[in-house]
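Biologist: I'm new to this one, could you put it up on screen and take me through it slowly?

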Amino acid sequence: MGTAAADGAAGSTNGVDGRALAAASVTVVLWASSFIAIRSSAAHFGPGALAFGRLAVASVVLGAVLLARRGGFPPREAWLGIAASGVLWFGAYMVALNWGEREVDAGTASMIVNVGPILMALLGGWLLKEGFPPKLMAGMGVSFLGAVVVGLASSGGGGSSLVGVLLCLFAAVAYAVGVVLQKPTLKHATPLQVTTYGALVGAVACLPFAGQLVAEVGRAPVSATLQVVYLGVFPTALAFSTWAYAVSRTTAGKMGATTYAVPVLVVLMSWLFLGEVPGWLALLGGLLCLAGVAVSRMPGRAQGPASEGAQRSRGAAEPDVSAESAR
């Protein structure tokens, strides 16, 4: 969150606040658990129905928090960005990810989706005129190679798995575009307003799946329905709150590295709860995707225009950390 990050930077320049680290740790665990819940509930809920149920629950929870804090309505200038990010980031992202996780395991999906920060930096360089630093382009190349390796590994096990990889890549693109479009909106509205109304817009966009959700709730076991509620309350609504708290006490740049733990936790949780582990070739490709993100976010030594562009590009990518809670 841009404003909170700026405020936190002034107060936590020498290290990471302990309470901020604890809040960020809670967020990372919740984000990781969302991949497991999605994969587990996919047998009982369609991609659109699952997205609508999750967003509806999140909208109720976030709306209650907004009312309690008397957050009010965003100004008119913010609504275009809220609507665009709500449709893409919350709606399209969630449907694509839910669909993708029907075809690939949770660990592979999490590693593919984590190319989002690179895509955001590229979009920031193009749409927001933030430049294309060499490390960004190098990281993009490494991540692209990783995606190719994952695709080759999946295609060896059947065409449906390759479709899952492509759906996860589409989810990463939708979420990256949504966050980049949302970034200017934070100049006009608070993070809580943008998040709450973005979730509401996403729920409205997924409204055509409401009938399917009702029908599937009637057939699904109670445990699967509770997973939908869990996704809305914890990885979406609560994870936003804990991350906003963390970023408000330090900088988004310092906290951003914690998101690299998400795929590791997802693979571990997937093994423990679902009995799934990515194949060695898919795991190698996923690690390449993450390595590319790490390369793209490495700080530069130069202080010239290229270095300044890199810093701005990282700034464009930083809101993705908050965006991940939409998972």
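Biologist: Let me start with one residue: is tyrosine 175 buried or exposed?
Modeller: Tyrosine 175 has a relative accessible area of 1%, so it counts as buried, where buried means under 20% relative accessible area, exposed over 50% and partly exposed in between, with a 1.4 Å probe and protein chains only. Before going further, please keep in mind that this is a predicted model, in which local features need pLDDT of at least 70 and side-chain atom pairs count only at pLDDT 80 or more, while totals for chains, interfaces and linings use all residues. Residues are numbered from 1 along each chain as its sequence is written, and side-chain values use heavy atoms, with hydrogens and water left out.

Biologist: Okay, and what about the whole thing, how many helices and strands are there?
Modeller: The protein has 16 helices and zero strands, both being DSSP runs numbered from the N terminus, with H or I over at least four residues for a helix and E over at least two for a strand. Buried residues account for 53% of the 327 residues in the protein.

Biologist: Back to the rings, then: how many aromatic pairs does a search of the whole structure find?
Modeller: The search finds five aromatic pairs, where rings of Phe, Tyr and Trp (its six-membered ring) pair if their centres lie within 6.5 Å, and planes under 30 degrees apart count as stacked, over 60 as edge-to-face and the rest as tilted. One of them joins tryptophan 89 and phenylalanine 90, a tilted pair at 4.9 Å centre to centre with 35° between the planes, and both of these residues are buried. Another has the rings of tyrosine 93 and tyrosine 175 with centres 5.5 Å apart and planes at 65°, so this pair is edge-to-face. Because tyrosine 93 lies in helix 4 (residues 79-100) and tyrosine 175 in helix 8 (residues 159-182), the pair ties together parts that are 82 residues apart in sequence.

Biologist: Which residues form one aromatic cluster?
Modeller: That cluster is formed by Phe73, Trp79 and Tyr197.

Biologist: And which residues have the most contacts inside the largest nonpolar core?
Modeller: They are Tyr93 and Leu97, in a core of 70 residues; such a core is a set of buried Ala, Val, Leu, Ile, Met, Phe, Trp, Tyr and Cys residues joined through side-chain atoms within 4.5 Å. Helix 2 (residues 18-41) gives the most to this core, with eleven residues.

Biologist: What does leucine 97 touch?
Modeller: Not counting residues up to four places away in sequence, leucine 97 touches Phe35, Ile38, Ala109, Val113 and Ala171, a contact being heavy atoms within 4.5 Å.

Biologist: Since you mentioned helix 2, what does leucine 30 touch?
Modeller: Leucine 30, which lies in helix 2, touches Tyr230, Phe234, Pro235, Leu238 and Ala239, again not counting residues up to four places away in sequence. Its C-alpha atom and that of leucine 238 are separated by 8.6 Å, although the two residues are 208 apart along the chain. With 9% relative accessibility, leucine 30 counts as buried.

Biologist: Switching topic, how do helix 3 and helix 10 cross?
Modeller: The axes of helix 3 (residues 47-68) and helix 10 (residues 210-219) come within 8 Å and cross at roughly 95°; axes are lines fitted to C-alpha atoms, for helices over the stretch in contact, and angles run from 0 to 180 degrees between N-to-C directions. That makes helix 3 roughly perpendicular to helix 10, as angles under 35 degrees count as roughly parallel, over 145 as roughly antiparallel, 65 to 115 as roughly perpendicular and the rest as oblique.

Biologist: Which residues make the contact?
Modeller: Helix 3 contributes Ala49, Phe52 and Gly53, and helix 10 contributes Ala210, Gln212, Leu213 and Glu216.

Biologist: Last one, is arginine 70 buried or exposed?
Modeller: Arginine 70 is exposed, with a relative accessible area of 77%, and is found in the loop between helix 3 and helix 4. Its phi is near 55°, a positive value in a residue other than glycine.
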